[in-house]
Amino acid sequence: MCDFAALWADVVKIFPVLGGVSQATVSAGPVDEKVLENVRQHLTMFGGIDTFAALVDLEIQSSIRKVLVPKFWKHFHGLVPPELQSGFSDQALAIEALPDKNRLFTQFIEAVNELHEAFQNLMQVKPRLIQLIGSEDKPALRTVKLLREDGIENCLRDCLLAQLPPTFSVVVGAFYWVHFKLFTKASHLALTTVDSDVFDELLCVGCNFDVEQCCCEKLTEMVNKTNTMLFEMNLTDRLTGSALTALIKLKIKEHINDTCMGIFDRSHLKQLETWLSDVIMSWLENIFSEWKSKDCLTEDDAPAPVQSFKVKLTYYMYETFAQSVIGQFFSIIIDYPDSIPAIDDLKICMEKIDMRIYLTESLRSSLEARILHPGVNTMDILTGYVAAIKAIRHLDNTGVILEMVTAPIKDYLRKRNDTVRRVVTGLTEEGPTDLSEELAKGEAIKDGKDSGADEFSNWENWEPDPFGIDASVMQYNSSRKMRSADIISMVVDIYGSKELFMTEYRNLMADRLLSQLDFNSEKEIRNLELLKIRFGESLLHSCEVMLKDVTDSKRINAHIHGESNRPENQQFDISSLIVSAQFWPSFNKESLQLPDEIETEFKKYTKAYEAYKGNRTLNWRTVTGRVNIEIEIGDRTMEMVVSPTLAVIIYHFQGKSEWTLEDLSTITKVPQSALRRRLSFWQNHGLISETTPGVFTLLEKESEEKSQFEDMSLTEADEEDLESAMASASDQREEELQVFWSYIVGMLTNLDSMPIDRIHQMLKLFASHSGGVEFTQDELKHFLQRKVREHKLIFSGGVYQLAK
């Protein structure tokens, strides 16, 4: 009869894992051949050898699941602070925030050593089981996982992953964080220049011990041994892959921020590619290459996981670098053209990665935050707009990104009243500006009107519209137009009308001619010729007439002031600017009544002019011009250049030292609100004081309190009252539309009532036949609403009709 107790004792000697939990990780000692033969005979006799193999397989799986894996994870309980377990969604940030990475590093090594020892014991079971059953190819044993290739490794890996705690990636990250410091110690020292005496006092960059007590070699040996154990257990990729990826991404970000942030005058991509290959990939090869050192490895010898990972990391490096450049693109725009290397790097990245949407959204939000708000003056916005055109066009010559990014700038500039005036000022002002330099190139403006014909005639060089372009962008601009348009045409495109810009230029030019009597005619003629090249002669014919008027006026003034033609008993000199009214912009509606003594002098000049020109006379605009005056009051003498209105006001105080606002308004024909504003000029100079509300008195003596304008220069005094003599653009537009009022009255008289779109269509038909003024429906609506407010029209039910 068989002694089952002795038989089971022999079985446990061969397979300690069958002895229970306490024996699950015990190393199996040498086994006597007689004992092995005895167990084989009894198993064969009972016919349970296949069942026994399955039992051993299940027991090994149970010991791995219930003993090895829980014991391994128990090493890390409580090592990761609770705030890091739930406070960070990004593994890399959690790794970086760990307070004691060295402790986790040591604990990880101990846990892997213990797991590897138990794994080695389990690996001895397979050859003994094969020796016991005789062969592993028996059909009945094919379901036994233990007998499969990598059976124990796969079981161990599956159980580890099944019981994986959420913070384990942080633990693995801490281990490889220390490993990376050790690995990059040499390259870090190569980049650091430190005096030898100071170097001895510093901590080692690898292990953080004193240099004399450096233990980097010992730690590196421990790391390599741990990596070898993980490799033998087939855990390197599956167990550490996620943490390694997060750590490497963190190191790539840190390196890009440390070496590339804020530096736009040189390229960085080559240096980043070299760093990725020499540092990151060499480190990964050291991890995945078991016992091999990085010195004996070539790129072809690198493990397959490393080679596939290199492609992903290269992509991530390009993406991270591109995001860094895009985040700084506003500064790159401001630094253009010094920042061209950074733009070239971004262009290379965008060829590999589609970052167009990210770029447009990021740059639009950056521009809106930086310049599209009331705190930035219009000229600075225009400067940023021009710089953005140059930089973005260098990045993307299709014009798609440029159109999408600059659309909010153009929309915002349209809402500012001084945009057109600032653009024209930028084109013509003294000194180098982006717009004046573009104007000086002398190229004709490219408005894209003939782009369609050019595309078909030059079909060999035809280019399709770029992929991904917004339909709203293509509604008004073809991609060819966006590619070919120059900077000035892009600025003009803010309003979409060259005529509007030329009208504003004419207004500005008129202001300069009226306020600067000693203007630079050569500069004006040069600007005019350059603008004619850009915008055509027809739009600038009025400006040529204006310049001719100034030249003719100087000649007439010289003739009248000559000895033979000088008026008799002339009290003061008068120099006139005689304008051809139909070619000049409309003047504002201000009026001014001159004193009799001054008006007499103007009549003398008019007679002299009539004598010189025969059948022509002069219609004076007394409110416009400059007056040189000298004021003597008490012991003070003041000389300044002021407007005629200011001169007339102070002139009236010569004969009467006290005036009420109403009386002075009556005698000067200046509205009281405007008159009070003019009087404040003389109050600021300490010549007039408002003694009681609405009563102004001349101050004979200087006030003890010095006015902030007392030491004002003549130029500042002149600028204090500098206002445009021209009517505003909106007033000029309404005056032009007034031409159509009689036609609107006729249409509504015959048809009783009409909607605005019908009125607009009929007026456009009239304007096209008569060569009149073109206008939009919004402008017509504004004009008609003004007539409603004047009670000349009634608007009801969406139609207009004459007021009864």
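Helix α27 covers residues 498-515 of this predicted model. With 18 residues at 1.5 Å a residue, α27 should span 26 Å, and the distance between its end C-alpha atoms is 26 Å, so the two values agree. Much of α27 is also covered, with 14 of its 18 residues buried.

A second helix, α29, runs over residues 541-560 and includes S542. Is S542 buried or exposed? Its relative accessible area is 18%, and because buried means under 20%, S542 counts as buried. Leaving aside residues up to four places away in sequence, S542 touches R506 and F583. There is also P585, which lies 43 residues from S542 along the chain, while the C-alpha atoms of S542 and P585 are separated by 9.1 Å.

Turning to the strands, β8 (residues 799-802) has two partners to follow here, β6 and β7. Strand β6, made of residues 753-755, pairs with β8 in the antiparallel sense over three bridges. Strand β7, residues 793-796, also runs antiparallel to β8, and four bridges join β7 and β8.

Which residues stand opposite Y800 of β8? From β6 it is M754, and from β7 it is F795. Y800 is thus a handy landmark for a reader tracing these pairings, as it stands opposite M754 and opposite F795.

Strands β7 and β8 form a hairpin with two residues between the strands. In this hairpin, G797 takes a positive phi near 65°.

Methods: Residues numbered from 1 in each chain as written. Predicted model: local features only at pLDDT ≥ 70, side-chain atom pairs only at ≥ 80, totals over all residues. Heavy atoms only, no water. Expected span 1.5 Å × (residues − 1). Buried < 20%, exposed > 50% of the residue type's maximum accessible area, 1.4 Å probe, protein only. Pairing = 2+ DSSP bridges. Contact = heavy atoms within 4.5 Å.
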